[in-house]
There are 2 protein chains.
Amino acid sequence: MTDGVVERTRPRDRILETAQDMFHKHGIKGVGVDAITEAAGTNKMTLYRHFESKDELIIECLRATAAKAARIWDEFEAAHPGDKLAQLHAWVQKASEMLSADCRGCDMANAAVELSETDHPARRVIKELKEAQREKLVALCRDAGVGQAELLADTLSLLLEGARVSMQSVGAEGPSAQFVRMAEGLIASFRAR
Amino acid sequence: MTDGVVERTRPRDRILETAQDMFHKHGIKGVGVDAITEAAGTNKMTLYRHFESKDELIIECLRATAAKAARIWDEFEAAHPGDKLAQLHAWVQKASEMLSADCRGCDMANAAVELSETDHPARRVIKELKEAQREKLVALCRDAGVGQAELLADTLSLLLEGARVSMQSVGAEGPSAQFVRMAEGLIASFRAR
DNA sequence: CTAGGGTGTTACCGGTCTGTAACTTCCAGA
DNA sequence: TCTGGAAGTTACAGACCGGTAACACCCTAG
């Protein structure tokens, strides 16, 4: 009925995709494994045959989400081959599009907030994935010919991270509405030096 | 023994203070009312005589935290009476000090992430408190003689919000380490126009 | 046709959660 | 000294949680 993911895919894939969606919408601690398996059209035993624990499932979801995000970078390269500055502007554009009205923020950042135990197994994965994203943006800024590429990349990172969390507390009409203006202003300012 | 808040204060005050601390450290969904009352040196019945539900306690905690934050603004005025630009720099300084190694971020933003249900009673409170903070920063920027005060205030807001969530995912050595440089650069840039 | 692995089903374990009931204890103020 | 309200205590309800055991099923590869 309302499932949508039940089709002829393997249970493991359905669980992974459903869990990603539900973790994103309702938060990690807001979703139980029972609810995930039911929405995925399967059952708890099958989940535990493929994932040794809920924590393991969380980690796999984060990896899958990061992999999806990484694919977007390929689109930038495909749309503007070799033109790194255009790709940087495309990044700003894409980022602003993710700030839609019902934005629930970055899954990795949200997970870091929810999983407050410093020794939670997902934390090191989050750190790794976030650092990889950071290096990508730094490289893009550098290849776009910007001086102080690290500083620009870090500033843009914080702006986006802040916009995504700000949306959840004050909504889309808050400070995050000005994200494109801020980001483009920063890029212009850094390029002028 | 390890309590520290037990003293001769009223149970309601001890519960409120303890709950603020524990919600901040472990997250809202990561702390049960039993744990709060035990740490506060009281019991569950007393909690429910003073707060009609956990949600109500959450809201009171957020209000108390916001009230504490508001008091910091008075310190700025006391330290630099009438000098709004100096107060703005003091804000940057104070903000960066909050980005210490074990920073757990903004309680309101964290709550917004954790309480994903859009109709949760705490959500409207979070929005109100965050909007009040925003207006304060806008007024400070304007009174400091900055053109486009709203844009500067919103940019600084997003930067800080981003820095606080970034700390939780990648740690203090990540992008948030450059917060002061970014903020001061922005202020200088806006003032130059 | 048959064997076996992936899957579904049901029931259960021990623990935790919010919230309540009924009763006792304590202490301050009259 | 008496009294009334605040606070503590114990027990419990009802729900949900992550995770497991035992068993039935079905479909495909040989």
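The following legends describe close-up views of a predicted model of two protein chains with DNA strands C and D.

**Figure 1. Relation between chain A and chain B.** Superposition places chain A on chain B with an RMSD of 0.0 Å, through a turn of 180° and a shift of 0.0 Å along the axis. This is the relation of a two-fold axis. Within chain A, Gly162(A) has the C-alpha nearest to that axis, at 1.8 Å. The copies meet through the same surface, because 100% of the interface residues of chain A are also interface residues in chain B.

**Figure 2. Protein surface around DNA strand C.** There are 18 residues around DNA strand C, and those that come nearest are Thr42(A), Arg49(A), Lys44(B), Tyr48(B) and Lys54(B). Of the atoms of DNA strand C that come within 4 Å of the protein, 41% belong to sugar and phosphate. Classified by residue type, the surface near this strand comprises 6 nonpolar, 7 polar and 5 charged residues.

**Figure 3. Polar contacts with DNA strand C.** Chain A reaches a base of DNA strand C through Arg49(A), which has a polar side-chain atom 2.7 Å from a base oxygen. Two residues of chain B approach phosphate oxygens of DNA strand C: Val33(B) does so with a polar backbone atom at 2.8 Å, and Tyr48(B) with a polar side-chain atom, also at 2.8 Å. Two or more residues of the surface near DNA strand C are supplied by each of helix H1 (11–26) and helix H3 (44–50) of chain A, and by each of helix H2 (33–39) and helix H3 (44–50) of chain B. The element that gives the most is H3(A), with 4 residues.

**Figure 4. Protein surface around DNA strand D.** The residues around DNA strand D number 17, and Lys44(A), Tyr48(A), Lys54(A), Thr42(B) and Arg49(B) come nearest. Sugar and phosphate make up 49% of the atoms of DNA strand D that come within 4 Å of the protein. The surface near DNA strand D contains 6 nonpolar, 7 polar and 4 charged residues.

**Figure 5. Polar contacts with DNA strand D.** A base oxygen of DNA strand D lies 2.6 Å from an N or O atom in the side chain of Arg49(B). Phosphate oxygens of DNA strand D are approached from both chains: a polar backbone atom of Val33(A) is at 2.8 Å, and an N or O atom in the side chain of Thr46(B) is at 2.9 Å. The elements contributing two or more residues to the surface near DNA strand D are H3 of chain A, together with helix H1 (11–26) and H3 of chain B. H3(B) provides the largest share, 4 residues.

**Figure 6. Annotated regions of chain A.** An unreviewed UniProt entry assigns "domain: HTH tetR-type" to residues 9–69 of chain A. In the model, residues 9–69 of chain A are 75% helix and 0% strand, and the C-alpha atoms at the two ends are 22 Å apart. UniProt (unreviewed entry) also places the feature "DNA-binding region" at residues 32–51 of chain A. Residues 32–51 of chain A are 70% helix and 0% strand, with 14 Å between the end C-alpha atoms.

**Figure 7. Surroundings of Ile36(A) in helix H2.** Ile36(A) belongs to helix H2 (residues 33–39) of chain A. Ile36(A) is buried, since its relative accessible area is 0%. Apart from neighbours within four places in sequence, Ile36(A) contacts Ile15(A), Thr18(A), Ala19(A), Met22(A), Phe23(A), Val31(A), Leu47(A) and Leu57(A). The C-alpha atom of Glu75(A), 39 residues from Ile36(A) along the chain, is 31 Å from that of Ile36(A).

**Figure 8. A buried histidine in a loop of chain A.** His120(A) occupies the loop between helix H6 (107–114) and helix H7 (121–143) of chain A. With a relative accessible area of 8%, His120(A) is buried. When residues up to four places away in sequence are not counted, His120(A) touches Asp55(A) and Leu115(A).

**Figure 9. Arg193(B) after helix H9.** Arg193(B) is located in the segment following helix H9 (179–192) of chain B. Arg193(B) counts as exposed, because its relative accessibility is 61%. Arg193(B) and Pro11(B) are 182 residues apart along the chain, and their C-alpha atoms are separated by 54 Å.

Key
Residues are numbered from 1 along each chain as its sequence is written. Chains are lettered from A and ligands numbered from 1 in the order in which they are written. This is a predicted model: local features need pLDDT of at least 70, side-chain atom pairs count only at pLDDT 80 or more; totals for chains, interfaces and linings use all residues. Side-chain values use heavy atoms; hydrogens and water are left out. A residue is near a molecule or strand if one of its heavy atoms lies within 4 Å of it. A polar contact is a pair of N or O atoms within 3.5 Å; within protein, one must be able to donate a hydrogen and the other to accept it, and residues adjacent in sequence count only if both atoms are side-chain atoms. Ala, Val, Leu, Ile, Met, Phe, Trp, Tyr, Cys and Pro count as nonpolar, Asp, Glu, Lys and Arg as charged, and the others, Gly among them, as polar. UniProt positions are given in the numbering used here, feature names are shortened, and annotations may be inferred rather than shown by experiment. Copies are superposed by least squares on the C-alpha atoms of residues with pLDDT of at least 70 in both. Contact means heavy atoms within 4.5 Å. Buried means under 20% relative accessible area, exposed over 50%, partly exposed in between (1.4 Å probe, protein chains only).
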